[in-house]
Amino acid sequence: MITDLNLPEIVESESQLDALLTRPSDALVDFIANREGDLIILGIAGKMGVSLGHLAVRAIERAGVRKTVYGVARFSRPESQEQLESIGVKTIQCDLLNRAAVAQLPQIKNVLFMVGRKFGTAGAASLTWAMNTIVPANVTEHFRQSSIVAFSTGCVYPLVRIGSAPNERVAPEPIGEYAQSCLGRERVFEYGSRAYGTPVCLYRLNYSIDLRYGVLHDIAEKIQCDEPVDLGVPAFNVIWQGDANTQALMCLGHCSSPANILNVTGPETLTTKDVAEQLGQWMGMPVRFTGKPSDLSYLSDSARATALFGAPSVAAEQLIRWQAHWSMMGGRSLGKPTHFTVTDGSY
Ligand SMILES: NC(=O)c1ccc[n+]([C@@H]2O[C@H](COP(=O)([O-])OP(=O)(O)OC[C@H]3O[C@@H](n4cnc5c(N)ncnc54)[C@H](OP(=O)(O)O)[C@@H]3O)[C@@H](O)[C@H]2O)c1
């Protein structure tokens, strides 16, 4: 794979990491320059949203156009609101479960929907269903005149063997209530797209990597703590969060009615064992394994996204090297494990 030649060998600080994550590509700048209307990011305060907002602001600056990026969340962590304002995002505090509050939001042409609830589903499934279906219902109702990129997950697909990653034509077969509610989220957006003619793109993501969290972070952490790496899930796909966010913004140009579907992840199928061994080598630490190896994993065929947007700018091999160094130097962790080894859908 050809990667960006301007990428550093290692990432040495959080400011360097943020700068890399939010560096707009020429294609994104060109897309933003030609896209009409402002942007609104719903659920901006999470692991991906802050860097997505920052990426959008930087792309607008480089395009030399006048556009506002609005960012909506409850801002349960007030520092994320301050950070977003300092970057140039206009923040709006709103609980999107509240239909009346959603009705007060400004009408914006380009919507990125990132709200979701996963962890804590076991034991509080009704809240997960409310977040993953009622919030989308409020949003499709209010933003019916907009284009909507709705974040979803590769977990709506069945578990598969290596070599049979599902493409967008494979029927969903979600396992467990979290994944089922994510299919519910998609179905509500599809319904809105059909009922109101709203252009929608369902963006099915498999594992974003930002070094402070993610599957590679979780495996590196096990190695660093001398804990065994679980081989229960033998394989996975990842994508650099900068590329995932770039593709999300460019999906605004691929919204349609009925809704379009796009798998978003890297082209490489990574095996847990190989990744752990590579991380261990770069980290100079021994690796121990546990877990009954299974044949089945969540995998996703992103050939369509690659045909539309080109290959991601950072190859998996580079991400592994960055992650090893980040973890060994004590780079910040969000303390939000992915639980990627869960296959029974119970989060
Ligand atoms: N990260 C990944 O690798 C990955 C992989 C597959 C799919 N996805 C999907 O991509 C999306 C974004 O991922 P993420 O990791 O950034 O998610 P996240 O960290 O869980 O962020 C979700 C955001 O939604 C906001 N939110 C939650 N409930 C809300 C409500 N009622 N009203 C307004 N805002 C609300 C949260 O902020 P407040 O609490 O402050 O409101 C937070 O900003 C999610 O839908 C997820 O399903 C992510």
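Colleague: What makes S1 and S4 a pair of strands in this predicted model?

Modeller: Strand S1 (residues 39-42) is joined to S4 by 4 bridges, and the two run parallel. Pairing needs at least two bridges between the strands, so S1 and S4 count as paired. One of the bridges can be named: Ile41 has Leu112 in S4 as its bridge partner.

Colleague: How do you know that S4 also pairs with S5, and in which sense?

Modeller: The same reasoning applies. S4 and strand S5 (residues 147-153) share 4 bridges in the parallel sense. The requirement is at least two, so this is a pair as well. Asn110 of S4 has Ser147 in S5 as its bridge partner.

Colleague: Which way do the residues of S4 point, and are they buried or exposed?

Modeller: From strand S4 (residues 110-113), Asn110 and Leu112 point one way, while Val111 and Phe113 point the other way. All of them are buried.

Colleague: Why is Thr133 called buried?

Modeller: Its relative accessibility is 17%. Buried means under 20%, so Thr133 qualifies. Thr133 belongs to helix H6 (residues 125-142). Leaving aside residues up to four places away in sequence, Thr133 touches Ser181, Gly184, Arg185 and Val188.

Colleague: What makes the approach of Thr133 to Trp129 a polar contact?

Modeller: A polar atom of the Thr133 side chain lies 2.5 Å from the backbone oxygen of Trp129. The limit for a polar contact is 3.5 Å, and 2.5 Å is within that limit.

Colleague: Which residues make polar contacts with the ligand, and how do you know?

Modeller: Three can be set against the limit, which is within 3.5 Å for a pair of N or O atoms. A polar side-chain atom of Ser76 lies 2.6 Å from a ligand oxygen atom. For Met48, a backbone N or O atom is 2.9 Å from an oxygen atom of the ligand. For Val115, again with a backbone N or O atom, the distance to a ligand oxygen atom is 3.4 Å. Each value is within the limit, so each pair counts. The ligand taken alone exposes 880 Å², of which the protein buries 87%.

Colleague: What surrounds the ligand?

Modeller: There are 27 residues around the ligand, and the closest are Ala45, Gly46, Arg74, Ser76 and Met131. The shell divides into 16 nonpolar, 7 polar and 4 charged residues. S5 gives the most to the shell, with 3 residues. Helix H7 (176-196) also supplies at least two.

Methods:
Residues are numbered from 1 along each chain as its sequence is written. This is a predicted model: local features need pLDDT of at least 70, side-chain atom pairs count only at pLDDT 80 or more; totals for chains, interfaces and linings use all residues. Side-chain values use heavy atoms; hydrogens and water are left out. Buried means under 20% relative accessible area, exposed over 50%, partly exposed in between (1.4 Å probe, protein chains only). Contact means heavy atoms within 4.5 Å. A polar contact is a pair of N or O atoms within 3.5 Å; within protein, one must be able to donate a hydrogen and the other to accept it, and residues adjacent in sequence count only if both atoms are side-chain atoms. A residue is near a molecule or strand if one of its heavy atoms lies within 4 Å of it. Accessible areas come from the Shrake-Rupley method with a 1.4 Å probe; for residues, only the protein chains shown count as cover. Ala, Val, Leu, Ile, Met, Phe, Trp, Tyr, Cys and Pro count as nonpolar, Asp, Glu, Lys and Arg as charged, and the others, Gly among them, as polar.
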